[in-house]
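Let's take a friendly look at the open spaces in this protein and at the residues around them. Here is the structure to follow along with.

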Amino acid sequence: MAVSSPPSPHQNLASETPAWKKFLHQLIHLPWTWRITLVYLTFMLFMPIAAMFLKASTESPARFWEIATSEIALATYNVTFVTSIGAALLNGVFGTLIAWVLVRYDFPLKKVIDATVDLPFALPTSVAGLTLATVYSNNGWIGSLLAPLGIKVSFTRLGVAVAMIFISLPFVVRTVQPVLQEMEQDIEEAAWCLGASQWQTFWKVILPPLFPTILTGIALGFSRAVGEYGSTVIISSNTPYQDLIAPVLIFQRLEQYDYSGATVIGMVLLTISLILLLAINFLQAWARRYDSK
């Protein structure tokens, strides 16, 4: 019969060490890259978010719920998130198409058009809003063509959607484009040799590995559209219950010195955005697992 040896004092000391001390010990011995990353994220991301939550928590639960679910707040959530999702999905289709054309075809002024895709990145959002409002007004270049059809863009919710599409388009194009460049065309040619049509080749050969990347671009575009302020505040009429978005409502609350009310709406905006982004990331993970099978 084997007799186990008694535990050493070092083992007893290790087992009695509190969990927080173990965590602190591991934190101290992290590589410098980890330390710099944690410090940077703490000051630039975690602390601002924590400060917003603390400011919102100064309101009582009843008051918090009243502000977060007021009629005007619910209307702005609808305009902000529904319009942002619609703009992101539309860019998911046309952004992929633009990336496909830029990668698979050669044509005159290709480099100029390729560089122009990044213009919303460099263009100040207020300038973008002013330009879009002018072009899509009833007497603008595009708005004058839509006016006889009874379609009004500037100073409507449709104008908000146009602004969101404009500023979020590059995210989809620049996310999908590198993946398309790395895809081998031999697989497509093999599918054609086996009798697959162009649509079948795209649906069963090209789209499955490309789908997670498209979702990434949609998620980035959606995030950009939700937080957009400069262009939408100019091209919309900012009328409550019509085209007023949540960022503008937050700014209006700040102008009224209602800092806690603005923080409450901002926290709701952050929470809903986080939930939607987590859902998109879950779809990405599911698509990758499906593609690996």
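## The largest pocket

In this predicted model, helix H5 is the main contributor to the lining of the largest pocket, giving six residues. The space in the largest pocket comes to about 390 Å³. If you'd like to find its middle on screen, look for Trp 100, Tyr 105, Gln 198, Phe 202 and Ile 206, which are the closest to the centre among the 16 lining residues.

Three helices each give two or more residues to the lining of the largest pocket: H5 (71-104), H11 (186-193) and H12 (198-226). As for chemistry, the lining of the largest pocket holds eight nonpolar, five polar and three charged residues.

## The second largest pocket

Next comes the second largest pocket, with about 260 Å³ of space. Its lining has 15 residues, and those closest to the centre are Ile 98, Pro 120, Ile 165, Phe 166 and Leu 169.

The elements with two or more residues in the lining of the second largest pocket are H5, helix H7 (119-122) and helix H10 (157-182). Which helix gives the most to the lining of the second largest pocket? That is H10, with five residues. The lining of the second largest pocket counts 13 nonpolar and two polar residues, with no charged ones.

## Side by side

Helix H5 is worth a second look on your screen. H5 gives two or more residues to the lining of the largest pocket, and H5 also does so for the second largest pocket. Charged residues number three in the lining of the largest pocket, whereas the second largest pocket has no charged residues in its lining.

Methods: Residues are numbered from 1 along each chain as its sequence is written. This is a predicted model: local features need pLDDT of at least 70, side-chain atom pairs count only at pLDDT 80 or more; totals for chains, interfaces and linings use all residues. Side-chain values use heavy atoms; hydrogens and water are left out. On a 1 Å grid over the protein atoms alone, a cavity is a set of points where a 1.4 Å probe fits but cannot get out, and a pocket is an open set with protein on both sides within 12 Å along at least five of seven lines; lining residues have an atom within 4 Å of a point. Grid points are joined across faces, edges and corners, and a volume is the space filled by probe spheres set on the points. Helices (H or I, at least four residues) and strands (E, at least two) are DSSP runs, numbered from the N terminus. Ala, Val, Leu, Ile, Met, Phe, Trp, Tyr, Cys and Pro count as nonpolar, Asp, Glu, Lys and Arg as charged, and the others, Gly among them, as polar.
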